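I opened a new notebook page for this structure. My plan is to look things up one at a time and write down what I find.

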Amino acid sequence: MKKIICKVEYDTETAQLIGKVTCGEFGDPAGYEESLYLTEDGKYFIYVNGGAESIYKKEDIKRLAKDKVNAWKAERGI
């Protein structure tokens, strides 16, 4: 997935996957996934996707500040 945020392109195809968390099983309407990526120029982002009853009802990309990365990883056990 690609998304441009504040004139910066975030692309799951070209960024490095750092870690992934899955909640629920495939097909679970409340299930979702969060994947942390790092771009070549050092920017972090999270790709999210989920079922119709989850906190992420559609796929999206969200920026993540460098100073928030360790907290995000610790909260998810990565």
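The entries below go from the whole chain to single residues.

**Entry 1: the whole chain**

I noted before anything else that this is a predicted model. I then looked up the secondary structure and found one helix and six strands in the protein. Read from the N terminus, the order of the elements is β-β-β-β-β-β-α. I looked up the radius of gyration next, and it is 13 Å. The globule rule gives 12 Å for 78 residues, so the protein is as compact as a globular protein of that length. For the outer dimensions, I found that the C-alpha atoms fill a box of roughly 35 × 25 × 20 Å along the principal axes.

**Entry 2: surface, contacts and charges**

How many of the 78 residues count as buried? I found that 36% of them do. The accessible surface comes to about 5300 Å², and carbon and sulfur atoms account for 49% of that surface. I also looked at contacts between residues at least 6 apart in sequence, and 32% of these join residues at least 24 apart. For the charges, I have 13 positive and 14 negative ones in my notes, with their mean positions 7 Å apart.

**Entry 3: aromatic pairs**

I searched the whole structure for aromatic pairs, and the search gave three. One of them is Tyr10 with Phe45, with a distance of 5.4 Å centre to centre and 70 degrees between the planes. Why is this pair called edge-to-face? The angle of 70 degrees is over 60, so the pair counts as edge-to-face. The two residues are 35 apart along the chain, with Tyr10 in strand E2 (residues 8-11) and Phe45 in strand E5 (residues 44-50). Both Tyr10 and Phe45 are buried.

I then looked at Tyr32 and Tyr56, which also form an edge-to-face pair, at 5.5 Å centre to centre and 75 degrees between the planes. This pair too links distant parts of the chain, 24 residues apart. Tyr32 is in strand E4 (residues 32-38), while Tyr56 is in the loop between E5 and strand E6 (60-64). Are these two residues buried or partly exposed? Tyr56 has a relative accessible area of 16%, which is under 20%, so Tyr56 is buried. Tyr32 has 22% relative accessibility, which lies between the limits of 20% and 50%, so Tyr32 counts as partly exposed.

I also wrote down that Tyr10, Tyr37 and Phe45 form one aromatic cluster.

**Entry 4: two buried residues in strands**

I picked Ser35, which lies in strand E4. Its relative accessible area is 3%, so Ser35 is buried. Which residues is Ser35 in contact with, leaving aside its neighbours within four places in sequence? I listed Leu17, Gly19, Lys20, Phe45, Ile46 and Tyr47.

Next I looked up Ile61, which is in strand E6. Ile61 has 2% relative accessibility and therefore counts as buried. Not counting residues up to four places away in sequence, Ile61 touches Met1, Lys2, Lys3, Ile5, Tyr10, Thr12, Phe45, Ile46 and Tyr47. I also checked Ile61 against Ile4: they are 57 residues apart in sequence, and their C-alpha atoms are 9.0 Å apart in space.

**Entry 5: positive phi angles**

Most residues other than glycine have a negative phi. I looked for exceptions and noted Cys6, which has a positive phi of about 50 degrees although it is not a glycine. Cys6 lies in the loop between strand E1 (2-5) and E2. Lys7 is in the loop between E1 and E2 as well, and Lys7 has a positive phi of about 70 degrees without being a glycine. Are Cys6 and Lys7 buried or exposed? Cys6 has a relative accessible area of 59%, so Cys6 is exposed. Lys7 is exposed too, with 84%.

**Entry 6: after the helix**

My last look-up was Gly77, in the segment after helix H1 (66-76). At 69% relative accessibility, which is over 50%, Gly77 counts as exposed. I also took the distance from Gly77 to Leu38, 39 residues away along the chain, and their C-alpha atoms are separated by 18 Å.

Technical notes: Residues are numbered from 1 along each chain as its sequence is written. This is a predicted model: local features need pLDDT of at least 70, side-chain atom pairs count only at pLDDT 80 or more; totals for chains, interfaces and linings use all residues. Side-chain values use heavy atoms; hydrogens and water are left out. Rings of Phe, Tyr and Trp (its six-membered ring) pair if their centres lie within 6.5 Å; planes under 30 degrees apart count as stacked, over 60 as edge-to-face and the rest as tilted. Helices (H or I, at least four residues) and strands (E, at least two) are DSSP runs, numbered from the N terminus. Buried means under 20% relative accessible area, exposed over 50%, partly exposed in between (1.4 Å probe, protein chains only). The radius of gyration is taken over C-alpha atoms; the globule rule is 2.2 Å times the number of residues to the power 0.38. Contact means heavy atoms within 4.5 Å. Accessible areas come from the Shrake-Rupley method with a 1.4 Å probe; for residues, only the protein chains shown count as cover. Lys and Arg count as positive and Asp and Glu as negative; His and the chain ends are not counted. The place of a charge is taken as NZ of Lys, CZ of Arg, CG of Asp or CD of Glu.
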